[in-house]
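Got the viewer open? Here is a short tour, one selection at a time.

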Amino acid sequence: MAARREPQLVRLQSSVFAVPRWALLVGLMFRGLYRGVRLAFRYWRVTGPVVLLIWLGWRAGWQVIPIILLLAAAGLSGWRIGHRDSFGVWVKWPWLSRWRRWWLYRRGWEPTMRGCGLSTAHGSVQYWPPILSVKSSPAGDVVRVRLLRGQTPDTWSGRSAELAYAFGTRLCRVFSGRINVLPKIRAGRLGVLLAWWDRRRFGRDRPTEMTLVFVRGDLLAYPVPAIGPDSIPHTPDLACLPVGLREDGSWLRIVLEQTHVLIAGATGSGKGSVIWSILRALAGGIRSGLVQVWAIDPKGGMELAMGRRLFSRFAYSSLPEMADVLDQAVEVMRERQTRLAGSVRQHVPSPADPTIVVLVDELAALTAYLTDKDLRNRIEAALAVLLSQGRALGVHVIAAVQDPRKEVVKFRDLFPTRVGLRMTEDEQVDMVLGAGARKRGALADQIPASLPGVGYMVLDQRPEPVRVRFTHVTDEHIRDMNARYATPTPAPSSAAPVPSQRTVPASGNGNGSGPLPAELFNKLRGGDR
Ligand SMILES: Nc1ncnc2c1ncn2[C@@H]1O[C@H](COP(=O)(O)OP(=O)(O)OP(=O)(O)O)[C@@H](O)[C@H]1O
């Protein structure tokens, strides 16, 4: 498939022989036979059972063929009904992969490559990139392709829309190299052999290959249920918190260790679900005291108050109170710095010295929207220190923001992990996920409003952003967490009444000392949009 000659452009002087008609027929017959045998061997999974069936019919009588076919159909149906997952793994998806490779991709490949400008011509020879494999799954078709010389995955990213429509989908994601092929830890008798095989398969960097994912059934079109109480670990693994699904159906796990998380998205995009998904995954550690959450909710407690018993600090009513929480986090960080310097490089959490997660529901309220200059400077100074030095000392910041512009979020580059939910403008995508992210497929501005919690993230050190959906943690889940996973170190102000979830706080004087000004409150709720 890699190259084809265009015969009309090649001038060949061939000798002319007079061939008798019978010799021509015999020659054609042998050629047909050779091609038939080659095809039969190539597609042995189809020809094998057919040959076996014919042989059985010939030996035992032709009436056995319908009986065998009926039995096979009944067996397959029983398998599908009884154990759908294994039927999918062993029968449905392998067959569908082969079918689609042959029927859809091989047949349409050449015209598509020409149409998308992904084939090249050298003289009279036309080259197009060969398909290496096709693997279908409920999420779509994963097509591995070998790049032509002079092409990079970016060449293909620019053609992703054309590729998608050419093969009958709306979305084609382009990834450099292979995806989802991580070596397993091998043990047991065959461990050495399998490890050797893995080294051969995964050990080599193959910049000559790339992967196209034609998204067919969108697994992220349905809300992802919150993890069940049984799946909430007693001791959360901060390197691997399950918070949602990736587009290929695998779990999305966030590495909170050594990072800060910025969540950006328009109003109603599901920033709350990212926050609550992370809190749910941390809940076991909150209850045991290994993790303390210091929550700041400038929306007057609208977002976070329902889970207040999870928080060891909770500031929701006045901006100075919120600045105090940040200053206290800096103090803890400084104390750890003095104590741990020279003995460890990474803080190890314990109930006496827990991981601290500083949670800010709307960062802009503490920075850009804040009119009190002194207070703003104080808050910005504390945030800058936490974001630049807190990671190794077990102090992590998780912040949500609606508007990711630099004037609003000065520190966005200090957040190593960023989540881009639905956005209102295409330029915002690169602001959040890094330059070129939109070109590489992060179409966050095209996420429909009907898909809250869907977004893009840059994961696994790959340049291409991954489409994800966070779990849907409902109010019932939050109430349940509030009751069952309360922290042993509750917030000092927990005796004070928290405004009900839908109450607009009384308007303040705007100097940052009273409750939030109603104007700012409405802005954060999206009321002025
Ligand atoms: N992952 C999710 N799956 C399904 N529905 C979700 C998900 N996340 C949020 N929703 C729903 O979307 C709506 C808006 O969600 P949410 O309040 O979290 O958005 P937000 O970005 O925090 O909005 P705002 O900025 O206005 O606070 C809610 O009705 C919520 O139930």
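Start by selecting Arg42, which sits in helix 1. Helices here are DSSP runs of H or I with at least four residues, strands are E runs of at least two, and both are numbered from the N terminus. Arg42 counts as partly exposed because its relative accessibility is 48%; buried means under 20% relative accessible area, exposed over 50%, and partly exposed in between (1.4 Å probe, protein chains only).

A word on the model: it is predicted, so local features need pLDDT of at least 70 and side-chain atom pairs count only at pLDDT 80 or more, while totals for chains, interfaces and linings use all residues. Residues are numbered from 1 along each chain as its sequence is written, and side-chain values use heavy atoms, with hydrogens and water left out.

Next, add Arg31, Arg35, Arg38 and Arg106: together with Arg42 they gather in a patch of positive charge on the surface. Helix 1 (residues 21-42) gives the most to that patch, with four residues.

Now jump to Asp430 in helix 11 (residues 427-433). Asp430 has a relative accessible area of 30%, so Asp430 is partly exposed. Select Glu425, Asp426 and Glu427 as well, and you have the patch of negative charge that they form with Asp430 on the surface.

Finally, zoom out to the whole chain. You should find 13 helices and 18 strands. Of its 529 residues, 44% count as buried. Try a contact map too (heavy atoms within 4.5 Å): among contacts between residues at least 6 apart in sequence, 71% join residues at least 24 apart.

Methods:
Patch = residues over 30% accessible without salt bridge, like charges linked within 9 Å, V, L, I, M, F, W, Y side chains within 5 Å. Areas by Shrake-Rupley, 256 points an atom, 1.4 Å probe, with all protein chains shown as cover. Salt bridge = Lys/Arg side-chain N within 4 Å of Asp/Glu carboxyl O. Lys, Arg positive; Asp, Glu negative; His and termini not counted. Charge placed at Lys NZ, Arg CZ, Asp CG, Glu CD.
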